[in-house]
Amino acid sequence: MPFMNSCCNEDKTVAVPLTLTEAQVREMLKKHDVNNDGVLCWEEIKAVFNELGALFPWFRANRGLHYADANKDGVIDEDEKKDLVNYIYNLGYKVK
Ligand SMILES: [Ca+2]
Ligand SMILES: [Ca+2]
């Protein structure tokens with residue numbers, strides 16, 4: 001009886017949703033700076049994760065702040081934004 005390894009011959013051409021690019025994450029952060037003060041507070045970061053479809057946006061906002069807020073003032077300024085972008089980018093959210 002010949003060995004049938006059919007499981008490895010399946011057609012793998014299913015369309016994979018695109019992962020957000022860093023530029024898109026950056027755009028999104030800009031858009032969610034709703035009071036336009038140039039920094040992102042916890043509420044604004046939470047709104048970003050909300051839009052990304054995170055299960056627990058408040059949790060992700062906590063983590064993101066903790067990760068990127070180097071001077072611990074509770075907001076993400078221009079210098080810290082690249083770390084937040086990194087954090088979000090590495091989570092690998094998909095474009096909707
Ligand atoms: Ca703001
Ligand atoms: Ca800060």
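## Two calcium sites: worked exercises

K72 counts as exposed, at 56% relative accessibility. The model is predicted.

**Exercise 1.** Where does K72 lie, and what is the sign of its phi?

*Solution.*
- Step 1. Place the residue. K72 sits in the loop between helix 3 (57–68) and helix 4 (78–91).
- Step 2. Read the backbone angle. Phi of K72 is positive, about 55°, although K72 is not a glycine.
- Step 3. Set this against the general rule. Most residues other than glycine have a negative phi.
- Step 4. Check the exposure class. The cut-off for exposed is over 50%, so K72 at 56% counts as exposed.

**Exercise 2.** Which protein atoms hold the calcium ion (ligand 2), and what spacing do the donors follow?

*Solution.*
- Step 1. List the donors. They are D69 (OD), N71 (OD1), D73 (OD), V75 (O), E80 (OE) and E80 (OE).
- Step 2. Read the distances. These donors lie 2.2 to 2.5 Å from the ion.
- Step 3. Write the spacing. Along the chain it runs D-x1-N-x1-D-x1-V-x4-E.
- Step 4. Locate the ends. D69 is in the loop between helix 3 and helix 4, and E80 is in helix 4. The pair links distant parts of the chain, eleven residues apart.

**Exercise 3.** Why is the arrangement around the calcium ion (ligand 2) irregular, and are D69 and E80 buried or exposed?

*Solution.*
- Step 1. Take the angles. The six donor atoms subtend 54 to 158°.
- Step 2. Apply the test. Six donors count as octahedral if opposite donors are over 155 degrees apart and all others between 65 and 115.
- Step 3. Conclude. The range starts at 54°, so the arrangement is irregular.
- Step 4. Check burial. Buried means under 20%. D69 has a relative accessible area of 5% and is buried. E80, at 5% relative accessibility, counts as buried too.

**Exercise 4.** What are the donors of the calcium ion (ligand 1), and which parts of the chain do D33 and E44 tie together?

*Solution.*
- Step 1. List the donors. D33 (OD), N35 (OD1), D37 (OD), V39 (O), E44 (OE) and E44 (OE) lie 2.2 to 2.4 Å from the ion.
- Step 2. Classify the site. Its six donor atoms make angles of 54 to 154°, and the site is irregular.
- Step 3. Place the pair. D33 lies in the loop between helix 1 (22–31) and helix 2 (42–52), and E44 lies in helix 2, so the pair ties together parts eleven residues apart in sequence.
- Step 4. Check burial. D33 and E44 are both buried.

**Exercise 5.** Is N36 buried or exposed?

*Solution.*
- Step 1. Place N36. It is in the loop between helix 1 and helix 2.
- Step 2. Read its accessibility. At 64%, N36 counts as exposed.
- Step 3. Add the backbone. Phi of N36 is positive, near 55°, in a residue other than glycine.

Definitions and conventions: Residues numbered from 1 in each chain as written. Chains lettered and ligands numbered in written order. Predicted model: local features only at pLDDT ≥ 70, side-chain atom pairs only at ≥ 80, totals over all residues. Heavy atoms only, no water. Donors = N, O, S within 2.8 Å, 3.2 Å for Na, K, Ca; no water. Tetrahedral: all angles 85-135°; square planar, octahedral: opposite > 155°, others 65-115°. Helix = DSSP H or I, 4+ residues; strand = E, 2+ residues; numbered from the N terminus. Buried < 20%, exposed > 50% of the residue type's maximum accessible area, 1.4 Å probe, protein only.
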